[in-house]
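User: Hello! I am new to this protein and would like a friendly walk through it. Could we look at it together?

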Amino acid sequence: MSKDAVNTAAAASPKDAAQVPADAGDAGYSKDLKARHVNMIAIGGAIGTGLFLGAGGRLHNAGPALAIAYLVCGIFAFFVVRALGELVLYRPSSGSFVSYAREFLGEKGAYVAGWMYFLNWSTTGIADITAIALYTHYWSMFTDIPQWVLALVALAVVLAVNLISVKIFGEMEFWFAIIKVATLVGFMLIGIVLLATQHEVGGQTPGLSVITDNGGVFPHGMMPVVLVMQGVIFAYAALELVGVAAGETAEPEKVVPRAVNSIMWRVGLFYVGSVVLLALLLPGSVYSADQSPFVTVLSKIGVPAAGDVMNLVVLTAAMSSLNSGLYSTGRILRSMAMAGSAPKFTARMNRSQVPYGGILLTCAVCVLGVGLNFLVPAQAFEIVLNVASLGIISTWVVIMVCHLVFVRRADAGLVTRPSFRLPFSPVTEITTIVFLLACLGMMWNDPEVGRKTLLLIPLIAAMLVAGWFGIRRRVSRTADQELSQLTK
């Protein structure tokens, strides 16, 4: 329902002025996600392909200063999730920020937010299946299988699992997260032991000398650190899954604050801690974009099997990300379809209360990614990563703008803020929005990929405008129908 429709409904029923009509897209879902599922979904969102695969190339380009980039971006990512967490406690919804955009920014805001999020996750899905194919090629038995075939098999497996039920999705993410956390903790313990015992890694003694003897914290200056920022933002791209998952848990008021608040220390421990350890063990020049930095380290200490184990884990991380992408886009597209701004078939649910229409649409785009793996296997990952960055930055900006409007309405007495709040509003929202837009602008300094990605913005904008004119009448009819039901 649009903002105008909500205001009209509130005026028609003064006693319910502070209440918000339920999102039609929330009907029909089960509440099978437990607290442990949501907590692990939050962890899984904070540990993904961006760390396991992307950190290698970024360490090579930016050096040890990558840890600073992860810390700065992690703080702003936490602000976004904290703002979303407050909105979730105000009104849990499987439509998440799209539902909030509809309420606070109107149908146009929800339309743009939803389709940009779809762009993010559909291209992220392509990045994930590309990563899976790259990880699988690590083993010699798979090197003869074309990259696009491996990508297609991975997509088919995750699709099958995702369509069964939300409980199966939750269990799958729970164990994926357990594997990722246990592996990172294990790697960090190994790294600490290597540092403490001064055990040689790749012919070098680990420690601060690895950093000081190879150009210091900023071996290539500040510009490479600036350029990796948008890639680092991508590494945190799944954190907003907590908001989507809250719509399918029985006690969001208990689960969400705990999950959101734990994100900050996880970012500090797993991202910043891991990158610092990696920088102390080997020079940044040793790491590369086509191999996980963890695999690089473990292979250097003379335990070949360790590299195989870590590669299996990072393969799990990519599968987890793909699984999460199908889950979230299915729910977001259903919320949009119920408002008329997405194809009708994406509103359909199967007997297990899974919105299979939206999941299948995301998979269709991922199949295009299989074609990308066939045509340009070497550049596939970098191309889609940059396009996905446009989607996630726009999504996070929308969340912060929604929160600004929400706080303004709360100050006017129209809605009530929960006790779980984003601190220092509105300064926090404005600062975060400026930072995210700055990250977008930084892409211009990368002429190879980043600048070309920014040049896609006018094309994406034109497609969104054309799409809106194509569906605006349907959106208006749907809003009128909801309004008539509310005022009966």
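Analyst: Gladly; the questions and answers below go through this predicted model step by step.

User: How many helices and strands does the protein chain have?

Analyst: Let's begin with the secondary structure. The protein chain has zero strands. Its helices number 20.

User: What percentage of the residues of the protein chain count as buried?

Analyst: The protein chain has 488 residues. A residue counts as buried when its relative accessible area is under 20%. The share of the chain that meets this is 59%.

User: Which helix gives the most residues to the largest nonpolar core?

Analyst: That core holds 153 residues, and Phe52, Tyr70, Trp115, Ile233, Tyr236 and Trp396 touch the most other members. The top contributor to this core spans residues 96–136 and supplies 18 residues. It is helix 6.

User: Which residues does Trp396 contact, leaving aside neighbours within four places in sequence?

Analyst: Trp396 is one of the residues that touch the most other members of the largest core. Two of its partners, Ile233 and Tyr236, are also on that list of well-connected members. In full, the partners of Trp396 are Ala77, Val80, Ile233, Tyr236, Ala237, Glu240 and Leu436.

User: Is Asn162 buried or exposed?

Analyst: Asn162 lies in helix 7, which covers residues 147–162. Beyond four places in sequence, Asn162 touches Phe169, Asn323, Leu326, Tyr327, Arg331, Val354 and Ile359. Its relative accessibility is 1%, and the cut-off for buried is under 20%. Asn162 is therefore buried.

User: Which accessibility class does Val153 fall into?

Analyst: Val153 is also found in helix 7. Its relative accessible area is 48%, and the class between buried and exposed runs from 20% to 50%. Val153 is therefore partly exposed.

User: How are helix 13 and helix 14 oriented to each other?

Analyst: Helix 13 (residues 252–281) and helix 14 (residues 293–300) have axes 11 Å apart and pack at an angle of about 40°. An angle under 35 degrees would count as roughly parallel, while 65 to 115 would be roughly perpendicular. An angle of about 40° falls in neither range, so the two helices are oblique.

User: How many nonpolar, polar and charged residues are in the contact of helix 13 with helix 14?

Analyst: From helix 13 come Ser274, Leu278 and Leu281, and these meet Pro293, Phe294 and Val297 in helix 14. By class, the contact has five nonpolar, one polar and no charged residues.

How values were computed:
Residues are numbered from 1 along each chain as its sequence is written. This is a predicted model: local features need pLDDT of at least 70, side-chain atom pairs count only at pLDDT 80 or more; totals for chains, interfaces and linings use all residues. Side-chain values use heavy atoms; hydrogens and water are left out. Axes are lines fitted to C-alpha atoms, for helices over the stretch in contact, and angles run from 0 to 180 degrees between N-to-C directions. Helices (H or I, at least four residues) and strands (E, at least two) are DSSP runs, numbered from the N terminus. Angles under 35 degrees count as roughly parallel, over 145 as roughly antiparallel, 65 to 115 as roughly perpendicular and the rest as oblique. Contact means heavy atoms within 4.5 Å. Ala, Val, Leu, Ile, Met, Phe, Trp, Tyr, Cys and Pro count as nonpolar, Asp, Glu, Lys and Arg as charged, and the others, Gly among them, as polar. A nonpolar core is a set of buried Ala, Val, Leu, Ile, Met, Phe, Trp, Tyr and Cys residues joined through side-chain atoms within 4.5 Å. Buried means under 20% relative accessible area, exposed over 50%, partly exposed in between (1.4 Å probe, protein chains only).
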